[in-house]
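Hi,

Here is the structure I promised to pass on. Have a look at it first, and my notes follow underneath.

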Amino acid sequence: GYKTESERITDKLMIDLEGYRSLLAGSRALLETIPSEQSLERLLSPFDTTKQWFVWGTKFLQFLRPDIFPVVDSRVTTLLGLVQSGSMGRRYYRAMRVIREVVNRNLDLLEELRSWDQERCPSVLKVLDKVLYAQGGK
């Protein structure tokens with residue numbers, strides 16, 4: 001069940017928690033650069049247990065660093081036409097490349113939307129997440 005899976009994820013995180021924290025702390029905002037595919041593989045590796053919990057991993061990372069990591073779920077994948085094949089790090093890297101382009105093309109609008117909802121939107125990526133979630137439900 002989910003509890004067993006979450007325990008596996010936690011165990012994998014605890015193996016090198018300091019290294020994980022260090023990698024997160026050393027990462028720069030998505031508007032500046034995209035983390036390397038290798039870094040993304042490392043950050044998502046705890047979410048590869050008996051299943052690949054890719055979406056759960058991206059949500060976890062966004063919770064920790066909303067300035068870097070977008071949520072990539074089925075709605076985002078469908079709306080942005082993302083390729084779902086390959087390792088979790090490769091998939092996330094490709095998604096981040098597309099999302100960074102979308103953010104850069106719409107930065108003024110996303111910043112304006114963020115100003116209306118700053119308490120719940122710590123970054124423009126969170127605003128985009130809300131927009132894509134709302135659009136994906138249609």
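Before the fold itself, one convention: helices (H or I, at least four residues) and strands (E, at least two) are DSSP runs, numbered from the N terminus. On that basis the protein chain has eight helices and zero strands, so the order of elements from the N terminus reads α-α-α-α-α-α-α-α.

Two housekeeping points. This is a predicted model, so local features need pLDDT of at least 70 and side-chain atom pairs count only at pLDDT 80 or more, while totals for chains, interfaces and linings use all residues. Residues are numbered from 1 along each chain as its sequence is written, and side-chain values use heavy atoms, with hydrogens and water left out.

Overall shape

The helical chain has a radius of gyration of 15 Å, close to the 14 Å that the globule rule gives for 138 residues, so it is as compact as a globular protein of that length. (The radius is taken over C-alpha atoms, and the rule is 2.2 Å times the number of residues to the power 0.38.) Along the principal axes, the C-alpha atoms fill a box of roughly 40 × 30 × 25 Å.

Of the 138 residues, 38% are buried. Here buried means under 20% relative accessible area, exposed means over 50%, and partly exposed is in between (1.4 Å probe, protein chains only). The chain exposes about 8,100 Å², with carbon and sulfur atoms supplying 51% of that; the areas come from the Shrake-Rupley method with a 1.4 Å probe, and for residues only the protein chains shown count as cover.

For contacts I used heavy atoms within 4.5 Å. Among contacts between residues at least 6 apart in sequence, 63% join residues at least 24 apart.

On charges, Lys and Arg count as positive and Asp and Glu as negative, with His and the chain ends not counted. Each charge is placed at NZ of Lys, CZ of Arg, CG of Asp or CD of Glu. The mean positions of the 21 positive and 18 negative charges are 4 Å apart.

The aromatic rings

Rings of Phe, Tyr and Trp (its six-membered ring) pair if their centres lie within 6.5 Å; planes under 30 degrees apart count as stacked, over 60 as edge-to-face and the rest as tilted. The structure holds six such pairs. One of them is the tilted pair of Phe47 and Phe60, at 5.3 Å centre to centre with 55° between the planes. Phe47 lies in the loop between helix H3 (37–44) and helix H4 (54–64) and Phe60 in helix H4, so the pair ties together parts that are 13 residues apart in sequence. Phe47 is buried at 2% relative accessibility, whereas Phe60 is partly exposed at 27%. Ring pairs also link both of these with Tyr20, Trp53 and Trp56 into a cluster.

Around H2 and H3

Tyr20 turns up again next to Arg42, a residue of helix H3. Leaving aside neighbours within four places in sequence, Arg42 is in contact with Asp16, Gly19, Tyr20 and Leu23. Arg42 is partly exposed, with a relative accessible area of 26%. Its C-alpha atom is separated by 9.7 Å from that of Met88, 46 residues apart along the chain.

Arg21 sits in helix H2 (residues 17–25) and is partly exposed, at 47%. Arg21 and Leu43 are 22 residues apart in sequence and 9.5 Å apart in space, C-alpha to C-alpha.

The C-terminal end: H7 and H8

Val127 belongs to helix H8 and is buried, with a relative accessible area of 4%. Not counting residues up to four places away in sequence, Val127 touches Leu110, Leu113, Arg114 and Cys121. From Val127 to Glu112 the C-alpha distance is 9.8 Å, with their positions 15 residues apart in sequence.

Which residues does Ser123 contact, leaving aside neighbours within four places in sequence? They are Pro66, Asp67 and Arg114. Ser123 is in the loop between helix H7 (107–116) and helix H8 (124–136), and is buried at 7%.

Arg120 is in the loop between H7 and H8 as well, but counts as exposed, at 60% relative accessibility. Again leaving aside neighbours within four places in sequence, Arg120 is in contact with Lys126 and Lys130.

Cheers
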